[in-house]
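Please read the following as a guided walk through one protein chain, with the coordinates open beside the text.

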Amino acid sequence: MVFKYYGPVYNPDHPFKTFEQKIKLMNKAELRQIPRAFINCIQKSSHPVLEPINQFADRAKQERWE
């Protein structure tokens, strides 16, 4: 199966304000209950460009993210 790339997809119906609205998360106990996930699409790498990603993968694993 071949997929053809048609360029970036934009969703004009999504309100831009949702990206600008500041939120305050003050209760650390409640903050820890928010589900977090890390999706790493590559294997660990020693390549200088990809190496910084490894630290985030390690942190996610250490904190038992999904």
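Which residues are linked in a network of salt bridges? Before that is taken up, note that this is a predicted model, in which local features need pLDDT of at least 70 and side-chain atom pairs count only at pLDDT 80 or more, while totals for chains, interfaces and linings use all residues. Residues are numbered from 1 along each chain as its sequence is written, and side-chain values use heavy atoms, with hydrogens and water left out.

The network links Arg 36, Arg 59 and Glu 63, where a salt bridge is a side-chain nitrogen of Lys or Arg within 4 Å of a carboxyl oxygen of Asp or Glu. A search of the whole structure finds two such bridges. In one of them, the side chains of Glu 63 and Arg 36 meet at 2.9 Å, N to O; Glu 63 lies in the segment after H3 and Arg 36 in the loop between H2 and H3, so this pair ties together parts that are 27 residues apart in sequence. Glu 63 also meets the side chain of Arg 59 in a salt bridge, at 3.0 Å from N to O. Each partner is partly exposed, with a relative accessible area of 34% for Glu 63, 33% for Arg 36 and 42% for Arg 59 (buried means under 20%, exposed over 50%, and partly exposed in between, with a 1.4 Å probe and protein chains only).

The wider frame is helical: the protein chain has three helices and zero strands, the elements running α-α-α from the N terminus on (helices are DSSP runs of H or I with at least four residues, strands runs of E with at least two, numbered from the N terminus). Helix H3, residues 51-62, has 12 residues and reaches 17 Å from its first C-alpha to its last, close to the 16 Å expected at 1.5 Å a residue, the expected span being 1.5 Å times one less than the number of residues. Within H3, Asn 54, Ala 57 and Ala 60 are buried. These three cover an arc of only 125° around the axis, which puts them on the same side of H3; the arc is that of the directions from the helix axis to the C-beta atoms. H3 is followed by Arg 64, whose phi is positive, near 60°.

Turning to the surface, 8% of the 66 residues of the protein chain count as buried. Ile 23, found in the loop between helix H1 (17-20) and helix H2 (28-31), is exposed, with a relative accessible area of 62%.
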